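Subject: Structure for you to look over

Hello,

Here is the structure I said I would pass on. Please open it before reading the notes below.

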Amino acid sequence: MARVLGVLLCLLALFSSSLCLDHANGRGDQALAQINVYETSLALDSSVKLHASPQVLGSQGEDTEWVNLAISNPKPTSDDWIGVFSPAKFDSGNCWPTSGGKEKTPYICSSPIKYMYCNSHPDYMKSGNVTLKFQIINQRADVSFALFSNGVQEPHLLGVSNPVAFFNPKAPVYPRLALGKNWDEMTVTWTSGYNIDEAVPFIEWSAKGLPARRSPAGTLTFNRNSMCGNPARGVGWRDPGFFHTSFLKELWPNREYIYRLGHDLVNGSTIWSKNYTFVSSPYPGQDSKQRVIIFGDMGKGERDGSNEYNDYQPGSLNTTDQVIKDLKDIDIVFHIGDLTYSNGYLSQWDQFTAQVQPIASTVPYMIASGNHERDWPDTGSFYAGTDSGGECGVPAETMFYFPAENRAKFWYKTDYGMFRFCVADSEHDWREGTEQYKFIENCLATVDRKTQPWLIFIAHRVLGYSTNDWYGKEGTFEEPMGRESLQKLWQKYKVDLAFYGHVHNYERTCPIYESQCVNNDKDHYSGTFKGTIHVVVGGAGSHLSPFSSLVPKWSLVRDYDFGFVKLTASDHSSLLFEYKKSSTGQVYDSFNISRDYRDVLACTHDSCEPTTSAG
């Protein structure tokens with residue numbers, strides 16, 4: 001009995017609801033932060049039975065499995081819930097000390113990875129005998145299920161299931177592609193449970209007609225001390241495993257490659273993942289059809305319905321699924337900040353990488369830094385908020401590759417065929433005279449518009465234009481100090497489109513410069529560049545943001561719904577813009593740009609250097 005009690009005690013999770021984090025509009029809470037297990041009490045009941053099956057997952061190499069949890073509770077109540085814990089057991093003596101002083105003995109020190117109310121099953125209140133289904137991913141540890149009563153604020157632990165585990169919990173999983181620093185380079189990053197003293201990581205890859213090659217991989221990880229505060233250091237902490245990145249170089253343009261993840265174990269055997277494929281990048285300036293997806297603020301959803309809050313599930317999963325459906329007609333994806341909304345609960349990063357794996361393993365998945373990745377006081381963030389939950393950028397910068405010169409300075413340029421993308425970091429200072437400002441100008445100035453006519457600026461926060469409600473109340477329609485320093489750069493270097501997230505809706509402006517429309521068209525733009533079109537596309541999955549009642553002339557199209565943007569460059573003169581609904585995939589807004597190189601050369605207001613009479 002003592003052994004059972006010890007196991008049960010070690011399954012609890014904690015986090016005071018008073019520490020819940022708020023987004024700028026007050027609804028950025030993390031689902032797991034609602035659980036206040038500091039107030040948990042034991043109410044173990046021998047009549048309560050929980051059984052999880054199958055007990056061995058992934059026997060055929062799967063990294064995701066459905067588990068059936070049979071529950072028998074003779075006294076069901078409407079606020080009973082199931083917490084899913086991984087690892088299933090832990091040493092309660094290793095709790096991380098907190099400054100709140102709220103710990104009680106026995107110490108409880110880990111959050112669940114997800115939870116579900118029992119009455120989600122219609123028969124639970126009738127008999128207390130039901131089977132709930134949970135989708136479990138491989139997160140390098142075993143899993144168990146605990147039944148609580150009395151809600152999430154003062155929960156009572158009633159019982160715990162048997163553990164279940166993947167056949168190989170350390171297996172390499174969730175590959176994510178990204179462009180390298182050169183056009184003929186693709187990077188592959190993945191997660192495993194193998195440190196370098198256990199196994200040597202590598203990628204085996206080839207193209208049809210070419211011999212297979214092996215490329216070595218570097219290994220990184222981070223620990224609790226890498227986190228900047230709670231909950232990431234405390235109840236939200238979970239061992240992240242190890243992250244391996246390999247650089248596949250000297251790729252032929254537009255060629256399909258097959259690859260698999262490998263680990264050579266010290267015992268001489270090799271662990272393999274399944275096979276994946278990707279198509280290499282076109283040569284810079286190549287004239288071919290090139291298709292780009294852009295969205296921000298997606299977050300993650302749970303297909304089993306657990307952790308449901310703020311309507312993240314339908315938006316996030318619908319966006320993911322629509323992109324997957326169209327994957328054969330997509331070449332590259334940009335997720336422009338606020339990736340997981342983990343807010344310091346590290347288990348959610350695995351959940352997110354598993355969700356986007358069908359996309360990220362097939363096309364480059366390029367990311368930008370958002371407030372929910374980076375912001376934490378006294379860590380160099382431009383904003384002093386706590387939206388990262390103590391992560392302060394570490395998981396995002398470690399788990400995903402992006403071709404920045406310095407990973408802690410999350411800005412970079414990347415070329416894809418006829419596109420040049422200048423990705424800024426709105427969580428670091430971008431104003432004139434700063435290091436980032438100099439990078440942005442260099443990125444915009446160095447593109448050859450004859451070969452790469454489509455110049456795109458990207459940032460997470462709205463550094464351009466938005467009629468979101470909270471901006472409207474401030475009377476700014478932008479992030480404070482947003483476009484102040486940048487608008488002359490956009491105009492001078494003739495930026496076609498600027499994209500932002502942060503605001504959870506869709507909005508498109510006219511071609512604009514200094515708050516004035518410079519073109520009255522709506523569906524088609526041709527001829528000389530006159531101003532940049534600004535697009536808010538932050539409605540990929542997070543709760544939606546209301547618009548201001550004020551509608552300036554420059555706001556052409558607004559949509560209070562979930563969606564994403566697709567750009568299709570047919571050639572050097574034609575670009576199709578489409579905004580699609582996540583729920584249906586239907587096009588809600590679209591326009592065309594037709595522009596030749598001579599049109600880009602032509603001078604308009606503030607787009608060319610001033611000349612003298614002598615010149």
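The notes below cover the annotated sites, then one further residue, then the cavities and a pocket.

The model is predicted.

Annotated sites

UniProt gives one "binding site" entry made up of Asp 338, Asn 371, His 460 and His 502. These residues are spread over 165 residues of sequence but cluster in space, with a largest C-alpha distance of 8.2 Å.

A second set under "binding site" in UniProt consists of Asn 371, His 502, Val 503 and His 504. That set spans 134 residues in sequence, yet no two of the C-alpha atoms are more than 13.4 Å apart, so the residues gather at one spot. Asn 371 and His 502 are listed in the entry with Asp 338 and again in the entry with Val 503.

Asn 371 sits in helix H5, residues 371-374. Its relative accessibility is 0%, so Asn 371 counts as buried, the cut-off being under 20%. Two histidines reach its side chain. The side chain of His 460 makes a polar contact of 2.9 Å with that of Asn 371, and the side chain of His 502 makes one of 3.1 Å with it.

His 460 is found in the loop between strand S24 (454-459) and helix H8 (469-474). With a relative accessible area of 0%, His 460 is buried. Beyond its neighbours within four places in sequence, His 460 is in contact with residues that include Asp 297, Asp 338, Ser 369, Asn 371, Glu 427, Tyr 500 and His 502. Three of the names in that list, Asp 338, Asn 371 and His 502, also appear with His 460 in the UniProt entry.

The loop between strand S25 (497-500) and strand S26 (506-509) holds His 502, and Val 503 lies in that loop between S25 and S26 as well. His 502 has a relative accessible area of 2% and is buried. Val 503 is buried too, at 0%. Leaving out neighbours within four places in sequence, Val 503 has contacts with Val 462, Ser 466, Asn 468, Trp 470, Tyr 471, Val 536, Gly 538, Gly 539 and Ser 545.

Tyr 345

Tyr 345 is in the loop between strand S20 (332-335) and helix H4 (347-360). Its relative accessible area is 1%, which makes Tyr 345 buried. Along the chain, Tyr 345 and Val 279 are 66 residues apart, and their C-alpha atoms are separated by 34 Å.

Cavities and a pocket

How many cavities of 30 Å³ or more does the structure hold? There are five. The largest cavity has about 100 Å³ of space. Its lining includes Asp 496, Pro 511, Asn 519, Tyr 525, Phe 529, Lys 530, Ile 593 and Arg 595. By class, that lining is made of five nonpolar, four polar and three charged residues.

The second largest pocket has a volume of about 350 Å³. It is lined by 20 residues, of which Pro 403, Glu 405, Tyr 412, Lys 413 and Phe 439 are the closest to its centre. Strand S22 (412-416) and helix H7 (435-445) are the elements that give two or more residues to this lining. S22 gives the most, with four residues. The lining of the second largest pocket divides into eight nonpolar, six polar and six charged residues.

Regards

How values were computed:
Residues are numbered from 1 along each chain as its sequence is written. This is a predicted model: local features need pLDDT of at least 70, side-chain atom pairs count only at pLDDT 80 or more; totals for chains, interfaces and linings use all residues. Side-chain values use heavy atoms; hydrogens and water are left out. On a 1 Å grid over the protein atoms alone, a cavity is a set of points where a 1.4 Å probe fits but cannot get out, and a pocket is an open set with protein on both sides within 12 Å along at least five of seven lines; lining residues have an atom within 4 Å of a point. Grid points are joined across faces, edges and corners, and a volume is the space filled by probe spheres set on the points. Ala, Val, Leu, Ile, Met, Phe, Trp, Tyr, Cys and Pro count as nonpolar, Asp, Glu, Lys and Arg as charged, and the others, Gly among them, as polar. UniProt positions are given in the numbering used here, feature names are shortened, and annotations may be inferred rather than shown by experiment. Buried means under 20% relative accessible area, exposed over 50%, partly exposed in between (1.4 Å probe, protein chains only). A polar contact is a pair of N or O atoms within 3.5 Å; within protein, one must be able to donate a hydrogen and the other to accept it, and residues adjacent in sequence count only if both atoms are side-chain atoms. Contact means heavy atoms within 4.5 Å.
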